[in-house]
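Biologist: I'm new to this one. Could you walk me through how to read it?

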Amino acid sequence: MGQGRLDEAQDVLVVADSSFEQMSSSSHRAAAWVALGDVAARRGDDREAARLYRRAAETLQDFTQFAPPAIAARAMRMYSRLRIADRTAPPFNLVISNVP
């Protein structure tokens, strides 16, 4: 993009987004959308840039809400399944939440 080859940059980023979609990598897709937003902004298409930035932000926000509980749940299932409790103390024994 720094050399003004916006069409080439956009083509590469679209291919990257497609690859990240196949890998189910939300954070990488969000990075591709931010870069595509930068391309759109350089072209003067502020509406498209804002749409891509918003899409990236929403994806990352959704990811942060999902990932920690899912990872903790999987870790505890593995902890139980492998009977690690017989050999060591649990990694945590209290969950603190801000849900009323």
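Modeller: Sure. Keep in mind that this is a predicted model. A handy starting point is burial: of the 100 residues in the chain, 21% are buried.

Biologist: And how much surface does the chain show, and what share belongs to carbon and sulfur atoms?

Modeller: The accessible surface is about 7800 Å², with 55% of that belonging to carbon and sulfur atoms.

Biologist: Next, the fold. How many helices and strands are there?

Modeller: You'll find 3 helices and 0 strands, so to speak a pattern of α-α-α along the sequence. For contacts, look at how far apart the partners sit in sequence: among those between residues at least 6 apart, 39% join residues at least 24 apart.

Biologist: Why does the span of helix 2 agree with its number of residues?

Modeller: Count 1.5 Å a residue. Helix 2 covers residues 26-43, which is 18 residues, so it should span 26 Å, and its end C-alpha atoms are indeed 26 Å apart.

Biologist: Which residues of helix 2 are buried?

Modeller: Buried there are R29, A30, A32, W33, A35, L36, G37, V39 and A40. After helix 2 comes G44, which has a positive phi, near 90°.

Biologist: Can we zoom in on one residue? What is T59 in contact with, beyond its neighbours within four places in sequence?

Modeller: T59 belongs to helix 3, residues 46-81. With those neighbours set aside, T59 is in contact with S26 and W33; W33 is one of the buried residues of helix 2. Closer along the chain, a polar atom of the T59 side chain lies 2.9 Å from the backbone oxygen of R55.

How values were computed: Residues are numbered from 1 along each chain as its sequence is written. This is a predicted model: local features need pLDDT of at least 70, side-chain atom pairs count only at pLDDT 80 or more; totals for chains, interfaces and linings use all residues. Side-chain values use heavy atoms; hydrogens and water are left out. Helices (H or I, at least four residues) and strands (E, at least two) are DSSP runs, numbered from the N terminus. The expected span of a helix is 1.5 Å times one less than its number of residues. Buried means under 20% relative accessible area, exposed over 50%, partly exposed in between (1.4 Å probe, protein chains only). A polar contact is a pair of N or O atoms within 3.5 Å; within protein, one must be able to donate a hydrogen and the other to accept it, and residues adjacent in sequence count only if both atoms are side-chain atoms. Contact means heavy atoms within 4.5 Å. Accessible areas come from the Shrake-Rupley method with a 1.4 Å probe; for residues, only the protein chains shown count as cover.
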